[in-house]
Amino acid sequence: MTLEWRNASKAYGKKRAVNDFSLEVPKGELLVLVGPSGCGKTTSLRMINRLVDPSSGKILVDGRDVSEIPVTELRRHIGYVIQQVGLFPHMNVAENIGAVPRLLKWNKVKIQARVRELLDLVGLPADDYSEAWPAHLSGGEAQRVGVARALAADPPILLMDEPFGAVDPLTREVLQREFLRIRSTLKKTVVFVTHDLDEAIRLGDCIAVMNGGRLVAAAAPGELLLNANPFIRDFTGEDRALRRLARLSVGDTIGQTTPIAPGGYGDSGTPTGLIRTDATLKEALSLMLEAGESSLNAVSPSGRHMGKLTMENLLENAAGIGVS
Amino acid sequence: MRRWIGLFVYLVVLVAFFIPSILEPVLQFFFPGANEWIFPRESLIKLTTEHLLLSLLAGAVAAVIGMGLGIAATRRAGRPFLTLIRDVSSLAQTMPPAAVLALAIPFLGFGFKPVLLALVCYSTLPVLNNTLAAIENLPRPVLEAARGIGMSRLQVLLQIELPLALPVIGTGIRICVVINVGTATIGALAGAGGLGSVIVAGLTRNNPAWVFQGAIASASLALMLNSLLLAAEHGLQPAILRNHIDGNSALSA
Ligand SMILES: Nc1ncnc2c1ncn2[C@@H]1O[C@H](COP(=O)(O)OP(=O)(O)O)[C@@H](O)[C@H]1O
Ligand SMILES: [Mg+2]
């Protein structure tokens with residue numbers, strides 16, 4: 001389903017939490033809302049499932065104004081995940097996940113099967129977790145259950161408000177990776193709020209940067225890191241070139257350059273360092289710096305020699321000359 | 001377990017009081033100077049039953065009013081009245097029950113009704129306060145999630161707020177009933193019977209043995225109801241909270 005904010009504003013007294021916000025999310029895309037704390041991300045997000053009503057402007061889901069859809073009906077078809085998870089403490093994991101299907105009056109057998117399927121999807125063995133109490137889960141486990149609860153009725157839209165903001169960095173990375181995996185299997189339209197730029201770059205098809213209730217820019221991650229707007233440059237930081245490199249893999253870059261002719265490596269001699277094609281260009285740069293060389297041999301995970309990666313390749317990609 | 005032993009002890013004391021052949025020698029031992037030991041006008045069983053019914057009825061009425069007001073005041077439409085409701089019920093509790101009784105008798109006559117009114121006024125506050133506190137202190141993210149997944153306001157109340165608040169509300173109801181058992185002794189002043197009649201008769205006839213049996217019977221009744229309701233409260237806890245409390249005897253004492 002497509003999603004759209006059309007001139008949406010929200011005022012609390014004199015303060016404008018969101019100011020004339022307009023943006024469209026195509027079907028199946030993941031939009032990340034990013035920006036400093038208090039810039040209006042949560043308010044914009046909550047307009048979609050009507051936990052906040054805009055003071056002016058409107059929100060369209062598949063072209064329909066959400067204010068015309070009965071509110072419980074709307075929410076039962078939009079998955080919602082929040083940072084503090086908000087599992088129901090008096091219900092076990094299976095009952096939490098089955099909450100929306102129960103509201104939709106699915107039969108017991110169907111709910112039970114769906115709960116198992118979802119626990120499997122989020123990587124929690126159903127036999128161990130179905131009957132666990134929320135109070136006994138770790139932060140990471142609780143958020144997996146939170147995601148499963150949001151996905152239970154297979155909603156076409158998923159709203160996530162800093163879902164991985166409260167877990168430790170290691171767990172966060174695991175959850176991000178698994179979220180990407182889950183997303184690639186279920187093509188849903190997702191709006192994801194974070195204040196963490198790295199997370200935004202990692203997950204987003206499109207990143208919308210907000211400041212003071214307004215949309216500053218919306219672009220694909222690669223383009224955003226090249227944006228000349230002073231606020232965006234400041235927000236992306238001096239190491240944005242490294243962030244760009246971190247998004248690209250050695251394999252993709254090698255693919256664009258001419259494969260090496262059998263028998264010779266050209267003028268820079270035979271590099272001694274190796275880099276796997278599934279590594280990022282940022283890791284390649286680090287290896288080059290460490291080895292004091294300006295090129296590396298790229299090898300596939302199975303050990304096959306795939307080509308040569310040079311410092312020139314890195315410079316081009318960091319400056320955004322090659323692909324975006 | 002300890003709870004059941006306590007309950008058993010209070011029950012034994014109370015039942016022993018109902019058997020004159022046991023009660024009389026005890027009273028004779030403690031009050032050798034009295035000329036009459038067992039209250040002659042009514043049996044202790046009948047007075048205790050009256051007392052119990054009066055207290056439980058007042059408790060039930062107070063529970064319904066307290067919970068109803070507490071729930072109403074925490075709904076969106078009721079919020080503006082929250083302070084007013086709190087103030088009125090605090091005022092009701094600060095009025096001495098005997099004064100309420102004296103004021104009510106001209107309108108309601110003697111007997112059961114004015115006593116019920118005085119007890120309800122006096123014991124609604126603990127139920128109301130606990131209901132308000134329990135609902136107000138529910139974790140925000142849980143309520144936000146409940147609304148966010150598409151529960152109606154009534155579903156949030158019935159499926160989330162009340163089950164989570166019930167243990168604390170239960171404590172308020174228990175306190176309310178125990179207060180009522182103690183306060184119901186004023187029933188004697190309006191001719192509504194109960195254990196107060198024994199105590200009042202003992203005071204006017206200067207017979208400490210009567211005061212003693214009325215007071216002990218009423219205290220045993222209060223303690224017994226307290227134990228019973230504590231057990232019921234325990235049963236109200238959602239399973240998960242119950243597990244926690246079982247692991248922590250300080251809380252279950
Ligand atoms: N219910 C509310 N009442 C008053 N002000 C609010 C309310 N919700 C949000 N705000 C204000 O609106 C601004 C944006 O809030 P929010 O959308 O939560 O920001 P973010 O999620 O980007 O941190 C903040 O300044 C916040 O204080
Ligand atoms: Mg926020």
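**Exercise 1. Sort the lining of the second largest pocket by residue class, and find which element gives the largest share.**

Step 1. Start with the classes. In this predicted model, the lining of the second largest pocket has three nonpolar, four polar and five charged residues.

Step 2. Put names to them. The lining consists of A:Asn92, A:Ala94, A:Glu95, A:Gly98, A:Arg102, A:Lys108, A:Ile111, A:Gln112, A:Val115, A:Arg116, A:Ser130 and A:Glu131. The nonpolar ones are A:Ala94, A:Ile111 and A:Val115.

Step 3. Assign the elements. Two of them, helix H3 (93–97) and helix H5 (108–121) of chain A, give two or more residues to this lining. H5(A) has the largest share, with five residues.

Step 4. Add the volume. The second largest pocket holds about 350 Å³ of space.

**Exercise 2. Describe the largest pocket: its volume, the residues closest to its centre, and its lining by class.**

Step 1. Take the volume. About 740 Å³ of space lies in the largest pocket.

Step 2. Look towards the centre. The lining has 28 residues, and the closest to the centre are B:Arg140, B:Leu143, B:Glu144, B:Arg147 and B:Arg153.

Step 3. Trace the elements. Chain A contributes two or more residues each from H1 and helix H2 (71–76). Chain B does so from helix H6 (112–136), helix H7 (140–148) and helix H8 (153–183). The largest share, five residues, comes from H7(B).

Step 4. Count by class. Nine lining residues are nonpolar, four are polar and 15 are charged.

**Exercise 3. Work out which residues surround ligand 1 and which polar contacts they make.**

Step 1. List the shell. Around ligand 1 stand A:Tyr12, A:Lys15, A:Ala17, A:Ser37, A:Gly38, A:Cys39, A:Gly40, A:Lys41, A:Thr42 and A:Thr43. By class, this shell has three nonpolar, five polar and two charged residues.

Step 2. Place the shell on the fold. Strand E2 (15–25) and helix H1 (41–48) of chain A each supply at least two of its residues. H1(A) gives the most, with three residues.

Step 3. Check the distances to oxygen atoms of the ligand. For A:Gly40, a polar backbone atom is 3.0 Å from an oxygen atom of ligand 1. A:Thr42 uses a polar side-chain atom, at 2.6 Å from a ligand oxygen. A:Thr43 also places a polar side-chain atom by a ligand oxygen, at 2.5 Å.

Step 4. Finish with coverage. On its own, ligand 1 has 560 Å² of accessible area, and the protein covers 60% of that.

**Exercise 4. Find how many cavities of 30 Å³ or more the structure holds, then describe the largest and second largest.**

Step 1. Count them. There are three cavities of 30 Å³ or more.

Step 2. Take the largest cavity. About 100 Å³ of space lies in it. Its lining is A:Val122, A:Gln143, A:Arg144, A:Val147, A:Phe164, A:Leu175, A:Glu178, A:Phe179 and A:Ile182. Helix H7 (139–151) and helix H8 (169–185) of chain A give two or more residues each. H8(A) has the largest share, four residues. The classes are six nonpolar, one polar and two charged.

Step 3. Take the second largest cavity. Its volume is about 60 Å³. The lining residues are A:Val147, A:Leu151, A:Leu158, A:Phe179, A:Ile182, A:Arg183, A:Leu186, A:Lys188 and A:Val190. Seven are nonpolar, none is polar and two are charged.

Step 4. Compare the two linings. A:Val147, A:Phe179 and A:Ile182 appear in both. For the second largest cavity, H7 and H8 of chain A again supply at least two residues each. H8(A) gives the largest share here, three residues.

Note on methods: Residues are numbered from 1 along each chain as its sequence is written. Chains are lettered from A and ligands numbered from 1 in the order in which they are written. This is a predicted model: local features need pLDDT of at least 70, side-chain atom pairs count only at pLDDT 80 or more; totals for chains, interfaces and linings use all residues. Side-chain values use heavy atoms; hydrogens and water are left out. A residue is near a molecule or strand if one of its heavy atoms lies within 4 Å of it. A polar contact is a pair of N or O atoms within 3.5 Å; within protein, one must be able to donate a hydrogen and the other to accept it, and residues adjacent in sequence count only if both atoms are side-chain atoms. Accessible areas come from the Shrake-Rupley method with a 1.4 Å probe; for residues, only the protein chains shown count as cover. On a 1 Å grid over the protein atoms alone, a cavity is a set of points where a 1.4 Å probe fits but cannot get out, and a pocket is an open set with protein on both sides within 12 Å along at least five of seven lines; lining residues have an atom within 4 Å of a point. Grid points are joined across faces, edges and corners, and a volume is the space filled by probe spheres set on the points.
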